[in-house]
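User: I should like to learn how to read the features of a structural model, beginning with the surroundings of a ligand. Could you take me through an example?

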Amino acid sequence: MKDVFSQSSIKIIIPMNYINTLQFAQQLDKEDELFKFRERFCFPKLNGKDVLYFCGNSLGLQPKTVKEYINTELDDWAKYGVEGHFEATHPWFSYHEPFLEPIARLVGALPSEVAVMNGLTVNLHLLLVSFYRPTKDRFKIICEDDAFPSDQIGRASCRERV
Ligand SMILES: Cc1ncc(COP(=O)(O)O)c(C=O)c1O
């Protein structure tokens, strides 16, 4: 095994002697320290069996804990109404603060430079509005042909404004 990012906080381990067999894949699964996290997610079933799930889009598998977390917020909303911003188990007013340090580490920024907010489409739009500065010679946005519909709308609205 070779750790190709040993100088950074990102660890990606590349198997040195890759063998294209099911047995080799199962062996790697057994050795993978992240393998146990599989148990934490709900896998859809097909013909009574767990599917092999390779979808890498933003909506991943449902964590088994998610109902409990959402119910906590709904219960606090019912109990406190707007005061939930300050009184809830996880006060909504400052919900983003615990994420600052880990997200900053993830993207290589300072905690004062990041904010965790919005959905994906809104954030893509904000990125384009902030950083898309087309010139006569440099104006193309390269994107897959059949991108997620809301991504296409965000991109089109940016192009229309120039
Ligand atoms: C590529 C991509 N773009 C946009 C979205 C929409 O995300 P949101 O509802 O957070 O705007 C999704 C959601 O699955 C997605 O996978």
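**The ligand shell and its setting**

Analyst: In this predicted model, domain 1 (2-63) and domain 3 (120-160) each contribute at least three residues to the shell around the ligand.

User: Which residues surround the ligand?

Analyst: A shell is read residue by residue. Here the ligand is surrounded by N57, S58, L59, G119, L120, T121, F148, S150 and D151.

User: Which helices each supply at least two residues of that shell?

Analyst: Shell residues may be traced back to the elements that carry them. In this case helix 5 (120-131) and helix 6 (149-160) each supply at least two.

User: How do the residues of the shell divide into nonpolar, polar and charged?

Analyst: The chemical character of a shell is summarised by counting its residues by class. The shell around the ligand comprises 5 polar residues, 3 nonpolar and 1 charged.

User: What is the order of the elements of the protein from the N terminus on?

Analyst: The order is β-β-α-β-β-β-β-α-α-α-α-α, which comes to 6 helices and 6 strands.

User: What share of the residues of the protein count as buried?

Analyst: Burial is judged by counting neighbours: 20 or more other C-beta atoms within 10 Å make a residue buried. Of the 162 residues of the protein, 1% count as buried. As for contacts between residues at least 6 apart in sequence, 21% join residues at least 24 apart.

User: What is the mean pLDDT of the protein?

Analyst: Confidence should be read both overall and locally. The mean pLDDT is 88, with 89% of residues at 70 or more. Over residues 1-7, however, the pLDDT is below 50, and this stretch has 12 contacts in the model beyond near neighbours in sequence.

User: How should a backbone phi value be read?

Analyst: Most residues other than glycine have a negative phi. N47, which is not a glycine, has a positive phi near 50°. Another non-glycine residue, N118, has a positive phi of about 70°.

User: Where do N47 and N118 lie?

Analyst: N47 is placed in the loop between strand 4 (45-46) and strand 5 (49-50). The loop between helix 4 (100-107) and helix 5 holds N118.

User: Why does N47 count as exposed, and is N118 buried or exposed?

Analyst: A residue is exposed if 12 or fewer other C-beta atoms lie within 10 Å of its own. N47 counts as exposed because it has 5 C-beta neighbours inside 10 Å. N118 is also exposed, since 11 other C-beta atoms lie within 10 Å.

Definitions and conventions
Residues numbered from 1 in each chain as written. Predicted model: local features only at pLDDT ≥ 70, side-chain atom pairs only at ≥ 80, totals over all residues. Helix = DSSP H or I, 4+ residues; strand = E, 2+ residues; numbered from the N terminus. Contact = placed C-beta atoms within 7 Å. Near = placed C-beta within 6 Å. Nonpolar A, V, L, I, M, F, W, Y, C, P; charged D, E, K, R; others polar. Domains from an automatic or database assignment. pLDDT = per-residue confidence, 0-100.
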